[in-house]
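Me: I have a structure open and would like to go through some of its helix packing and loops. Could you take my questions one at a time?

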Amino acid sequence: MWRTLEISKSDWLAAPSSIQNTLISLYLENHSINLRNRALNEQISNLNQPAARIRRLNEGIIVQQKQISSLQKQLAQAKALEAETIKLKAEIADLKERVRINSQNSSLPPSMDSPFHKYKKRIHEPSGRKRGGQIGHPGETRWLLSADEVDEIVEIHPESCYKCGSRELEASKGFPECRQVTEITDAGTITTEYRRVILICRNCGKRNTPDWINETQNGSFGPRIHAVIGYLTGRLSLSHRDTMEALQELFAVKISLGSISAVQKRISQVIAPAVEKIKAFVEQQTVVYVDETGWRENDRQKWFW
């Protein structure tokens, strides 16, 4: 023990036992205090490590926040540049459109054209295809309206059996054949559904199918619509598409281009005798008082007298 206390052996042996016990007690107490201090220092060190880590994390967060703020500013600048680019593109497109406009593609008079403008002759290369609808193009089908959508329903019945003359007839199974006709009236545009009812004779068993009445002989449109189409296309020289639009907007009549052509053919057949009479009368006159008018049709020059 004397070596631990750093005293000589002779001094240790000369010291009374009470002093030796006191020194040993003091040494043990001091050693215990040193051990406790060491443990406390280790605990303090362990506590300082998370604090340092938190401090480093906070410093990293501050750096990232600065980076985010910088990126947000750059994003705002990019959005402003994008909006400015869109505006400039619109202005450039408007200027290009103004430069492109001339008397050939607008209502401007030739005097407004630039002196440096060169007129280009349009050259249409033949495609080798016939005019009109091409093979395989989607067609237009006029579907029948439902019973709730039509304005009037007219049933056509045979009065008696066509074979034996009996009036004892009964309805056959199945749905009757239907035709719908749209017409312009004083009350507006109406659609009438005509149903051809087949009746079976109880006497001889014959199936009696009545003939369609006159109102259904001219297709899906009545005579007034025929007259309007003839006036718009013949007198006012409207195109088929303009006529289709006029019927839709003025009378709520939906009609296809093909139906307009079919109506024109029926009108031509009806007025053909009158046209021939007028032609014969004009040819017999000494003076006709007409002039020639030229126009191109199918890339060929034609004349009207």
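**Helix contacts and two loops**

Reply: In this predicted model, H226, I229, G230 and T233 of α3 are in contact with I260, V263, Q264, R266 and I267 of α5. By residue type, that contact divides into four nonpolar, four polar and one charged.

Me: At what angle do α3 and α5 pack, and how far apart are their axes?

Reply: Helix α5 covers residues 257–283, and α3 packs with it at an angle of about 95°, the axes being 10 Å apart. The two helices are therefore roughly perpendicular, since angles from 65 to 115 degrees are classed that way.

Me: And which residues of α3 meet α4?

Reply: From α3 the residues are V228, I229, L232 and T233, and from α4 they are T243, A246, L247 and F251. This contact is made up of six nonpolar residues, two polar and no charged.

Me: What is the geometry of α3 with α4?

Reply: Helix α3 spans residues 223–235 and helix α4 spans residues 240–251; they pack at an angle of about 130° with axes 10 Å apart. The pair is therefore oblique. The crossing of α3 past α4 is right-handed.

Me: T233 has come up with both partners. Is T233 buried or exposed?

Reply: T233, which sits in helix α3, is buried, because its relative accessibility is 15% and the limit for buried is under 20%.

Me: Which residues does T233 touch further along the sequence?

Reply: Setting aside neighbours within four places in sequence, T233 contacts L238, T243 and Q264. T243 belongs to the α4 side of the α3 contact, and Q264 to the α5 side.

Me: What polar contact joins T233 and Q264?

Reply: Their side chains are joined by a polar contact of 3.2 Å. In addition, a polar atom of the T233 side chain lies 2.7 Å from the backbone oxygen of I229. I229 is also among the α3 residues that meet α4 and among those that meet α5.

Me: Changing topic to the loops. What is phi of S237?

Reply: Phi of S237 is near 55°, a positive value in a residue other than glycine. Most residues other than glycine have a negative phi. S237 lies in the loop between α3 and α4.

Me: Is S237 buried or exposed?

Reply: S237 is exposed, because its relative accessible area is 59% and exposed means over 50%.

Me: What about phi of A252?

Reply: A252 also has a positive phi, near 60°, and is a residue other than glycine. The position of A252 is in the loop between α4 and α5. Its relative accessibility is 58%, so A252 counts as exposed.

Me: One last residue: where is W212?

Reply: W212 is in the loop between β6 (207–208) and α3. With a relative accessible area of 11%, W212 is buried.

Me: Which residues does W212 touch?

Reply: Not counting residues up to four places away in sequence, W212 touches I156, E177, C178, R179, Y194, R196 and Q217.

Me: And how far apart are W212 and I156?

Reply: In sequence, W212 and I156 are 56 residues apart, while in space they are 7.7 Å apart from C-alpha to C-alpha.

Notes
Residues numbered from 1 in each chain as written. Predicted model: local features only at pLDDT ≥ 70, side-chain atom pairs only at ≥ 80, totals over all residues. Heavy atoms only, no water. Axes fitted to C-alpha atoms, helices over the stretch in contact; angles between N-to-C directions. Helix = DSSP H or I, 4+ residues; strand = E, 2+ residues; numbered from the N terminus. Parallel < 35°, antiparallel > 145°, perpendicular 65-115°, else oblique. Left-handed = near helix turned anticlockwise from the far one by under 90°. Contact = heavy atoms within 4.5 Å. Nonpolar A, V, L, I, M, F, W, Y, C, P; charged D, E, K, R; others polar. Buried < 20%, exposed > 50% of the residue type's maximum accessible area, 1.4 Å probe, protein only. Polar contact = N/O pair within 3.5 Å; in protein donor to acceptor, adjacent residues only side chain to side chain.
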